[in-house]
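Hi everyone, thanks for making time. I'd like to walk you through one structure and talk about its sheet and its charged pairs. Here it is on the screen.

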Amino acid sequence: MLVPLMKLCYNASILAKYAKFRYTFREAYSSVATQEEMRFIMDKKAVKSGGNLKISNEVIEKIAELAATEITGVAVNGQHIAVNDTSKAVAGRFLSPIKVRLSSEAAEIDISIIVVQGCKAVSVAEAVQHSIKSAVQNMTGIAVSKVNVKISGILITNEDE
């Protein structure tokens with residue numbers, strides 16, 4: 001009877017340590033941390049791996065696009081942000097409505113959106129700014145200094161459809 005009780009206590013202590021680790025991990029990555037905290041977390045990862053950690057601009061653009069498409073009032077085409085016909089392609093190449101500039105301290109993100117008819121454009125733009133900033137900071141650990149939102153059009157829907 002004593003051996004199973006000891007195993008139970010040992011397993012309970014392991015589970016308690018695991019639960020504490022999960023809570024700490026979730027807390028570190030779920031909230032918007034300060035710039036210093038995010039750098040500390042990223043530096044710890046780089047030191048443990050013994051190599052460099054680089055995130056491409058395209059990955060940040062995709063994260064920003066996903067965050068923007070979650071906002072009600074942003075016109076989407078499938079899973080992508082809808083773009084104006086005039087800005088779709090130049091010389092046969094698709095132009096992204098999102099531009100990312102990385103500096104040594106932070107990222108600056110420019111996004112062009114089309115707002116759905118009937119939505120408050122300013123409220124949608126502010127929600128997009130907040131969503132993109134928190135998504136990029138939480139997923140990459142890169143601080144975002146600015147999110148510039150350009151409303152490039154309004155999607156007018158037919159009420160008959």
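So, to kick off: which side chain meets Asp-110 in a salt bridge? It's Arg-101, with an N to O distance of 2.7 Å. Before I go on, keep in mind that this is a predicted model.

Arg-101 has another partner, too. It forms a salt bridge with Glu-108, where the closest N and O atoms are 2.7 Å apart. Put together, Arg-101, Glu-108 and Asp-110 are linked in a network of salt bridges. And how accessible is Arg-101? It comes out at 39% relative accessibility, which counts as partly exposed. As a bit of background, side chains of opposite charge can pair when their charged atoms come close.

Okay, on to the strands around there. E5 covers residues 98-102, and E6 covers residues 107-116. The two pair in the antiparallel sense, over five bridges. If you want one bridge to click on, take Val-100, whose partner in E6 is Ile-109.

Now zoom out to the whole sheet. It's an open one with three strands, in the order E5-E6-E7, and the pairing is mixed. Which strands sit at the edges? Those are E5 and E7, the latter being residues 144-155, and each pairs on one side only. Neighbouring strands are turned by 15° against each other on average, ignoring direction.

Next, the helices. Helix H3, residues 57-69, packs on this sheet and touches E5 and E6. Its direction makes about 130° with that of E5. Then there's helix H4, residues 121-140, which lies across E6 and E7. H4 runs at about 140° to E7.

Let's stay with H3 for a moment, since there's a charged pair to look at. Glu-65 forms a salt bridge with Lys-62, and here the closest N and O atoms are 3.7 Å apart. The cut-off is 4 Å, so this pair is counted. Why would these two be neighbours? They're three residues apart in helix H3, so about one helical turn separates them.

Is Glu-65 buried or exposed? It's buried, with a relative accessible area of 10%. Lys-62, on the other hand, is partly exposed, at 35% relative accessibility.

And how many salt bridges does the count come to? Three. That's the tour, so over to you for discussion.

Terms used. Residues are numbered from 1 along each chain as its sequence is written. This is a predicted model: local features need pLDDT of at least 70, side-chain atom pairs count only at pLDDT 80 or more; totals for chains, interfaces and linings use all residues. Side-chain values use heavy atoms; hydrogens and water are left out. Two strands pair if DSSP finds at least two bridges between them. Helices (H or I, at least four residues) and strands (E, at least two) are DSSP runs, numbered from the N terminus. Axes are lines fitted to C-alpha atoms, for helices over the stretch in contact, and angles run from 0 to 180 degrees between N-to-C directions. Contact means heavy atoms within 4.5 Å. Buried means under 20% relative accessible area, exposed over 50%, partly exposed in between (1.4 Å probe, protein chains only).
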